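This report walks through one protein chain, from its overall form to a few chosen residues. Please keep the sequence and the structure in view while reading.

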Amino acid sequence: MTELEAGRAQTLAPVRNGTALHRYRDVLIALIAFAVLASLPLFTGSKALLDFVIRCSAYGLFATSLNLLVGYTGLTSFGHGMFFGLGAYSFGLIMQKLGVPIPVAFVATLAITAVIAAIIGAICVRLKEIYFAFVTLAFQMLIHSTILSWASFTGGDQGLRGGIPRPVFLGIDLANHVHLYIASCALLILGLLAMRQIAQSPFGYTLRMIRDNAARASFLGIDVWRAKLTVFVLAALFASMGGMVMALFVSGAYPEFAYWTISGEGIFINMLGGVSTFLGPMVGTVLLLLLNDTVTRFTEYHGIVLGVVILFFALGLRKGLLDFVAEWFAHRRDAGEGR
């Protein structure tokens, strides 16, 4: 090894060690979070609370996967909800028609989603900004129309009827509400941990470079199209996981899962929680579901209330809640160091 190579190795060693420490820290936090969530049924018999966490798991996976596109890559997708619906319908149909074990159906659904996302993404990621947004929306409406028109296969506007079979596997019975709750929490934590590793990896920083200046990234030798397509497919897979959780929760799949309003909710969630912090979409998910559950008890005009809240964050704070809190703490820390 030359002196130059030895110097480079010594320079990179702290960076690698720091990356490994961050990875271990993330795994530790994930294990603690799962232990807290999994122990919740021991301290409360509230089925409504467990249902709320399951819904947060489904929408949290979906919203965080959308942030891989919006926050980290600068790709605003108005059609990301198609993969949420695709995951729900593919999983439900595989279980109803084939009767395979749940893990097999899970993997098969991810494979189907990956193929369709690669085809759609190969077309969409070549486009820029507003064109990308509206072409993804067009594909979502195409999938939604297919679900409605292919009634003999998808159930049409009635959705998948007859429930989703839930055969026991590895001692796990998803027909049991507590088992379903723990499985949903496990999928949420594993999905968030995987997306965190993607965001903090060299590939994640490549996405940030593309977001900030795609032309410069291309000049530096980065294959921008391939990087965008890769993150598009990855985001679709995690959104599909959210759809599968929701399909298990409601024991079916409905056209609304693939409608454009699902994508709109994903955008709202990211606006509420923030796109600059990794857990912003999870905070936004909790806020949105709490708002919906609370406001609908008092008025049928919950859309107006939600619109006012969105305007407050967009025009008042001009950032998501977690982004605002993180920025406030950063200012406090800087002010303390300045003294």
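## Overall form and selected residues

Of the contacts in the protein chain with a separation of 6 or more, 75% are accounted for by residues 24 or more positions apart. The model in which these contacts are counted is a predicted one.

The secondary structure of the protein chain comes to 15 helices and zero strands. Its radius of gyration is 21 Å, close to the 20 Å that the globule rule gives for 339 residues, so the chain is as compact as a globular protein of that length. Taken along the principal axes, the box that the C-alpha atoms fill is roughly 70 × 45 × 45 Å.

How much of the chain is buried? Buried residues make up 43% of the 339 residues. The accessible surface of the protein chain comes to about 17500 Å², and 68% of that surface belongs to carbon and sulfur atoms. As for charge, the chain carries 23 positive and 17 negative charges, and the mean positions of these two groups are 3 Å apart.

An unreviewed UniProt entry lists several spans under "transmembrane region", among them residues 229–254, 266–291 and 298–317. Two of the listed spans can be set side by side with values computed from the model.

| Span | Helix | Strand | Distance between end C-alpha atoms |
|---|---|---|---|
| Residues 266–291 | 77% | 0% | 15 Å |
| Residues 298–317 | 80% | 0% | 26 Å |

The next part turns to backbone angles. Most residues other than glycine have a negative phi. Which phi does Leu 170 have, although it is not a glycine? Leu 170 has a positive phi of about 50°, and this residue lies in the loop between helix H7 (151–154) and helix H8 (177–200). With a relative accessible area of 82%, Leu 170 is exposed, because exposed means over 50%.

Ser 251, which is not a glycine either, has a positive phi of about 55°. Ser 251 is found in the loop between helix H11 (224–250) and helix H12 (260–273). Its relative accessibility is 24%, so Ser 251 counts as partly exposed.

Two residues of helix H11 complete the report, and the question for each is which residues, beyond the neighbours within four places in sequence, are in contact with Val 224 and with Gly 242.

Val 224 is found in helix H11, and its relative accessible area of 14% makes this residue buried, because buried means under 20%. Leaving aside neighbours within four places in sequence, Val 224 is in contact with Ile 210, Ala 214, Ala 217 and Ser 218. Of these partners, Ala 214 is 10 residues apart from Val 224 along the chain, and the C-alpha atoms of the two are separated by 7.0 Å.

Gly 242 also has its place in helix H11, and at 0% relative accessibility it counts as buried. When its neighbours within four places in sequence are left aside, Gly 242 is in contact with Ala 58, Leu 61 and Phe 84. The C-alpha atoms of Gly 242 and Ala 175, which are 67 residues apart along the chain, are separated by 18 Å.

Technical notes
Residues are numbered from 1 along each chain as its sequence is written. This is a predicted model: local features need pLDDT of at least 70, side-chain atom pairs count only at pLDDT 80 or more; totals for chains, interfaces and linings use all residues. Side-chain values use heavy atoms; hydrogens and water are left out. Helices (H or I, at least four residues) and strands (E, at least two) are DSSP runs, numbered from the N terminus. The radius of gyration is taken over C-alpha atoms; the globule rule is 2.2 Å times the number of residues to the power 0.38. Buried means under 20% relative accessible area, exposed over 50%, partly exposed in between (1.4 Å probe, protein chains only). Contact means heavy atoms within 4.5 Å. Accessible areas come from the Shrake-Rupley method with a 1.4 Å probe; for residues, only the protein chains shown count as cover. Lys and Arg count as positive and Asp and Glu as negative; His and the chain ends are not counted. The place of a charge is taken as NZ of Lys, CZ of Arg, CG of Asp or CD of Glu. UniProt positions are given in the numbering used here, feature names are shortened, and annotations may be inferred rather than shown by experiment.
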